[in-house]
Amino acid sequence: MIERIIIIDQVDPQTFYGVNNTNINLIRNLFPKLRMAARGNVIKVIGEESETAEFERKIHAIEEHASKYNKLTENAIIDIVRGEAPREVNTEGVIIYGQNGKPIAPRNANQARMVKSFAENDLTFALGPAGTGKTYIAIALAVKALKNKQCRRIILSRPAVEAGEKLGFLPGDMKDKIDPYLQPLYDALEDMLPQQKLKEYMEAETIQIAPLAFMRGRTLNDAIIILDEAQNTTRHQMKMFLTRLGMNGKMIVTGDTTQIDLPRTVLSGLLQALRILRGVKGIGKIEYEKKDIVRHPLVQRIVDAYEKREKEETVEETGKEI
């Protein structure tokens, strides 16, 4: 008889063990000759060497399945233990599986183009109005790369225009100061990763927040770097950000050129970068349209109404139609 220790590190133990330990109890019943104890991410098993070795192989196969689909069903466990392929749902087009196994896949042609551009280029610009899913898809692509070990970390950045990048007067540490501006990115992460796993990634700095003001001098190797709301960067900030890209790194820059909050006298770094980098190899650009909005149907009508009013104001000010 030997004791074997197995570490579960690819998936949240709560997902693996199941509600009220239903999954681990099922596994225990499927291996009646073994004595087993599970606590946290550690499973201890006692039995004959050949049987414990087989148990370890099955546990890691179950763990891989749970990590891929972000959920674990009794049927999947039984299939894996029996040596059968788990009955999978249609995975065509799915980027990753979010909380409770929710498939996250492109919902329109431009989102699909963004996935393709990310695969083919090291820098992708995703431009378009709010609600088109450009940031959500960017986060999904980054999480997939992290789970597939195609990168070692995810870097999230967003200009804090309201605070002028001078965040020192706000209470708390740097994370507390910048968090309100990064909340849309966290919302997406929480939709794709179990809460405990996301907390572990944050504490280990596998997922990092990186305010633009604190990125100078860094070289970001083996990372997926996402800059959101890039239309609110200055020319110097954009150049500084783009030149942080290191070896085996990829960047996604998202923005809406119709929602620039910078002072009128300040040129958007995103607009300048799009002009300067036009035609540069290794850079992709996706332009979302109003028809790509995937939020509540009212959002598209709101965008239309605001665009109509802006045109009317331009006519009133200049006397000319645009």
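This passage describes the fold of a predicted model, beginning with the whole chain and then turning to a sheet, two helices and several salt bridges.

The protein chain contains eleven helices and eleven strands, and 46% of its 322 residues count as buried. Among the contacts whose separation is 6 or more, 69% are made by residues that stand 24 or more positions apart. The chain exposes about 17900 Å², of which carbon and sulfur atoms supply 49%.

An open sheet is built from three strands in the order S1-S3-S2, with antiparallel pairing. Strand S1 (2–7) and strand S2 (35–39) are the edge strands, each of them pairing on one side only, and the twist from one strand to the next averages 15 degrees. The antiparallel pairing of S2 with strand S3 (residues 42–47) extends over five bridges, and Ala38 has Ile43 in S3 as its bridge partner. Helix H3 (residues 49–69) lies across S1, S2 and S3, and runs at about 10 degrees to S1.

Another set of packing contacts involves helix H9 (residues 235–242), in which Gln237, Met238, Met240, Phe241 and Leu242 are buried. The buried residues of H9 pack against four strands and a helix, namely strand S6 (123–127), strand S7 (153–157), strand S9 (223–227), strand S10 (250–255) and helix H10 (269–276).

Twelve salt bridges are found in the whole structure. In one of them, Glu56 is paired with Arg4, and the closest N and O atoms are 3.1 Å apart. Because Glu56 lies in helix H3 and Arg4 in strand S1, this pair ties together parts that are 52 residues apart in sequence. Glu56 counts as partly exposed, at 21% relative accessibility, whereas Arg4, with a relative accessible area of 19%, is buried, since the cut-off for buried is under 20%.

Arg158 takes part in a salt bridge with Asp228, in which the closest N and O atoms are 2.9 Å apart. Asp228 is in the loop between S9 and H9, while Arg158 is in the loop between S7 and helix H7 (174–192), so that parts of the chain 70 residues apart are linked. Asp228 counts as buried at 2% relative accessibility, and Arg158 is likewise buried, at 14%. The side chain of Arg158 also meets that of Glu229 in a salt bridge (3.0 Å, N to O). As Glu229 lies in the loop between S9 and H9, this pair ties together parts 71 residues apart in sequence. Glu229 is partly exposed, with a relative accessible area of 26%. Elsewhere, Glu54, Arg57 and Lys58 are joined into one network by salt bridges that share partners.

Notes:
Residues are numbered from 1 along each chain as its sequence is written. This is a predicted model: local features need pLDDT of at least 70, side-chain atom pairs count only at pLDDT 80 or more; totals for chains, interfaces and linings use all residues. Side-chain values use heavy atoms; hydrogens and water are left out. Two strands pair if DSSP finds at least two bridges between them. Helices (H or I, at least four residues) and strands (E, at least two) are DSSP runs, numbered from the N terminus. Axes are lines fitted to C-alpha atoms, for helices over the stretch in contact, and angles run from 0 to 180 degrees between N-to-C directions. Contact means heavy atoms within 4.5 Å. Buried means under 20% relative accessible area, exposed over 50%, partly exposed in between (1.4 Å probe, protein chains only). Accessible areas come from the Shrake-Rupley method with a 1.4 Å probe; for residues, only the protein chains shown count as cover. A salt bridge is a side-chain nitrogen of Lys or Arg within 4 Å of a carboxyl oxygen of Asp or Glu.
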